[in-house]
Amino acid sequence: MQERKFAIGIVFIITLIGFLPLIVMLFHALSGLEYEKVLELFAKKAIVESFFQSLLLSAFVAFTSTLLGTALGLLFAKTDFIASKLFVSLLIVPLLVPPYILALGWIDIIGVESVLSGWLFGFWGVAWVLICVYLPIPIVLSMLFVKQIAPNLENMAKLYTDEWGVLRFITLPRIMPAFVLSFLLLFILSFSEYSVANVLRFHSFSLESFVRFSAFYDFKSAMLLSLPMLLVAALVLLIERLYVEKNLTKMKTPQRINIIKLSKKQQLFFSVLLICFVFIILLLPLFSLFSHVTLQSLALAFDKALFPLMNSFVYSLSAAALLTLLGFLSAYVISFKFLSLWRFFDGGIVFLFTLPATVLGIGFILLYNRVWLDFIYASALIVILAYVGKYLALAVKMSEHRLQQMPSSMLEAAKLSGASWFDTLRYILIPQSKKVLIAVFVVSFIFSFRESTLTMLLYPAGHETLSVYIITQMANGRPEIIAALSLIMVLSIVVPFFIFMRRKVI
Amino acid sequence: MKQIASFIFVALLLSACSKVDDGRSVTVYVSEDQVFSEPLLKAFEKETGMHVNAVYDSEESKSTGVMNRLIAEKANPQADVYWANEPIRAEVLRKKGILAPYKSPNAAGIDAVFLQKEHYWSGFSARLRLFIVSDNSMKEPSSVFDYANAAFRDGAVIANPLFGTTTAHIAALFSTLGDAQMYAFLKNMKQNGIAIATSNGESADLVASGKYLFALVDSDDVASRLKRGEKVHVVYPDQKAGEVGIFVVPNAVMLLAHAKHPKAAKKLIDYLLSKESEAALAKAACAQIPLHKGVKAPSFFKPIEQLHVMHVDYAEVAQKLMQLQPSLKEWLAE
Amino acid sequence: MIEIKELSFSYEEKSVLQNITLFVKAGERLVLLGNSGSGKSTLLRLIAGFIAPTSGEIVIDKSVVSKDTKVLTPPHKRGISMVFQDLALWNHMNVAQNIAFPLKMQKVPQIEQMQRVSEFLEIVSLKGYEQRSIDELSGGEQQRVALARALVNAPKVLLMDEPLSSLDEELNIRLRQEIVSLQERLGFTLVYVTHNKEEAAAIAHRIVKIENKTIEAKQCKR
């Protein structure tokens, strides 16, 4: 009974933060709507084509990035590769830079009329940039799942096959849920990303919604165009239910895992490979940006950036903490199915994630912009709550999978000892999920820190974040200042992340 | 866990208290580039002792920005003043009932064509729509219709016509010359191999790098490339008698309806419309053209009195723009 | 069959085993008896080749497989099978796939794999269990699957690390008898670890006590 009340409480909080803005937005979009206009909008050839093109693009990006990221995650977590922490820290940089900056970087390198321009401007160019941007996600997820594999499962296989056989038949199947989860997350992220498609002139579905806001100020059409995202959310959930849940195995987190020792040749081989890889995906496109940085511009930029940077940290750290807490508690409600409508709760959270940030932002404005709610709307709280609404699915899915892997014997033992559901949550589930919670915090922080679309719509006047500041400076700002600001943004994440990695927190 | 929970609580508490609202502040949403507008707002702060809370905008093609925020906040406006970088947005807001009229004493001396009849917005410090032309170009464009001139086939670029001043310019041409002529022109432009850039800035860079011969951009884009010493020069389009004239894009400043700080808002509007502000914006890197007579124009450009200017009704242009956008979108997709 | 010569093992500067010398004859059932933390499981892991000794030598079938910090022969080439304390059954595979795994790795033809799986399921009294999921099985059934998997490829040596510790007494006794019977029938060398004296006495030809990181001078014969 108590559990049920608690679950209802969590759902209520999430409703306030995420679902209510969505409902208000939908009400606004659908009220006074003419059925013919809706049909006309969705019957347009360009809209239908862009929808299917975006589905294809997202599937390709999700699959390729996940494949590559999982391979790298295995290298970093499962072997004694010497520079793994450094490379992981470097590989998250593309995630921190506004994606269209990477696209502009590639335009700088390849040009608009070279042999490769035809490849860059269109499907392949957009796919390439998005693969580079989202690569860190499968890397982190696979590292997390690899560390859940009990050594004896692999040791058993070692009696019959070599290291590669163990990897193929035991390790990879056991991290398959990470692969699928990564695919689903990246699919959604790619589908709703519009800035790269805009720069590289690819006709994506999310761009349709964006243009209706930005050029036409047509809220209704823009919001209507986000409704097909419901289909995407439903598809994602179906795959998750059909595959991931079935294949999540209950197990305790082992203290140690088996590490594959690489020979000196292999160490050298992977080092060279990764240096080339980092050069291609990071240094090349960002060179034209960072080459403008001078000490003087860095000092000047730091002076300008200090206040926005502080805002970025306050908003992102608060949002990350709230996301970790609410994400875990929501995952708890979903995993243990305390409410009969848990599927809708789960689906709603995923739908929020698929929605274009602009649409969600407008929903927040429509709901919270009332005089009596000024203490929320006219303060940093609105930004923090918006980040929570947007990224809750990330936190929930990562926590959910950990909870579903928890052996039921642990919970039963707690019950037998007289623990209440709250004691079980507090003393068993949360400590057992410590590593995942830390990963959730880090991922939530990174996503919140880099976010600009929602922030631009909601930040209280005079309190912009660094990501917003960089974008507003890009209009005729001095290139060396913009470069220096971008460098500050990157270092603000990479340095603490690297320290985190060194302390073996992830 | 305890630490996380405590951190949330303290951070949220601090966040909730972060809003500055001491009665001596004004909130302004600004679509003029932050690098140009911020120094002027800081100067206002210094002069008046008032605190300015600003929300700046990005290039339209990069994010949805300030306009959508203003429209969505209509029921409970957070902004007191909106500083738009062109009057079309002002007209969109006026039609949506988001503005309140205010006749600033500092608007006196500005040509009536740049002021809204009922004083819902006032224009100041304008940009001109000019050609940036590569020094390597053998032939000089003289009219916007040179985009369809075979002599410039595959040699011209224009910014995305769905956003910003390019859209406004096209809408102005439509309202001046009529649909038939303009649709034909758009078709011919495409057939003549026109390239599309994401922004005026990108167009200017493409011409400066020699990839294209000319582009129609804003005067501040030209000024910045000239300052950098790029191999480009200015051409004022359609200056001959009988030609359509140059399209002027003034900044527009306006008071929001139900503003929380109306007195402070009016002070800011007066300040922005002053000759001193126009002089500052003329001297700044944006090199904007003063609309008050007697205020010195930037050295790169002719004063507005010496130019054949397109006479438009910005309200009509705004209306035309809204009608045109679906067909511009289709034109772009072709 | 197995010769362990002056074997020592330390982990993170903590000595776990010191100067172990042991000889196991082919076809013998040797039980390593000792309390928790005495190093018996570590000795099994050293014999299997999962870890290398700090010093000393392990010889299996006249071949030096580990010597002084080096694993010279990897686990999958030692002709060894093992039943772990936690059984280490792969629950992403069904019963048949678990048991067939060693055969699959040896590239035994599919038909023969299926035949051998059925044969061993019958031996461990789990006929018809091929398609069952591991998670559906009881503790005793899982033990038998682990045993079948360990024996299906006819190993020379079977290592068992407290495999019956979690079972009730009745099942424990029954399975002990089955293990002895299987060993006598198939003739493999068995090295069995337990802390239970009755279990040791029931299974072993010879019991070796491990105490204070080394073998007690006295080794008991059944």
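1. Chains B and C. In this predicted model, chain B and chain C share no contact. Their closest C-alpha atoms lie 31 Å apart.

2. Chains that do touch. Two pairs of chains touch. Which pair has the most contacts? The pair is chains A and B.

3. A helix pair in chain A. Look at helix α18 (residues 295–335) of chain A and helix α22 (residues 381–405) of chain A. These two helices pack with their axes 6 Å apart. The angle between them is about 45°. Why is α18(A) called oblique to α22(A)? Because the angle is about 45°, and angles from 35 to 65 degrees fall outside the roughly parallel and roughly perpendicular ranges. The crossing of α18(A) and α22(A) is right-handed.

4. What lines that helix contact. The residues where α18(A) meets α22(A) include 18 nonpolar ones. Seven more are polar, and one is charged.

5. Domains of chain C. The domain assignment splits chain C into two parts. Domain 1 takes residues 1–79 and 156–222. Domain 2 takes residues 91–154. The C-alpha centres of these two domains of chain C lie 24 Å apart.

6. Where the domains of chain C meet. Domain 1 of chain C puts nine residues into the contact, and domain 2 of chain C puts in seven. Which element gives the most on the domain 1 side? Helix α5 (residues 169–186) of chain C does, with four residues. By class, the domain 1 side of this contact has eight nonpolar residues and one polar residue. Charged residues are absent from that side.

Technical notes:
Residues are numbered from 1 along each chain as its sequence is written. Chains are lettered from A and ligands numbered from 1 in the order in which they are written. This is a predicted model: local features need pLDDT of at least 70, side-chain atom pairs count only at pLDDT 80 or more; totals for chains, interfaces and linings use all residues. Domain bounds come from an automatic or database domain assignment. Ala, Val, Leu, Ile, Met, Phe, Trp, Tyr, Cys and Pro count as nonpolar, Asp, Glu, Lys and Arg as charged, and the others, Gly among them, as polar. Axes are lines fitted to C-alpha atoms, for helices over the stretch in contact, and angles run from 0 to 180 degrees between N-to-C directions. Angles under 35 degrees count as roughly parallel, over 145 as roughly antiparallel, 65 to 115 as roughly perpendicular and the rest as oblique. A crossing is left-handed if the near helix is turned anticlockwise from the far one by less than a right angle, and right-handed if clockwise.
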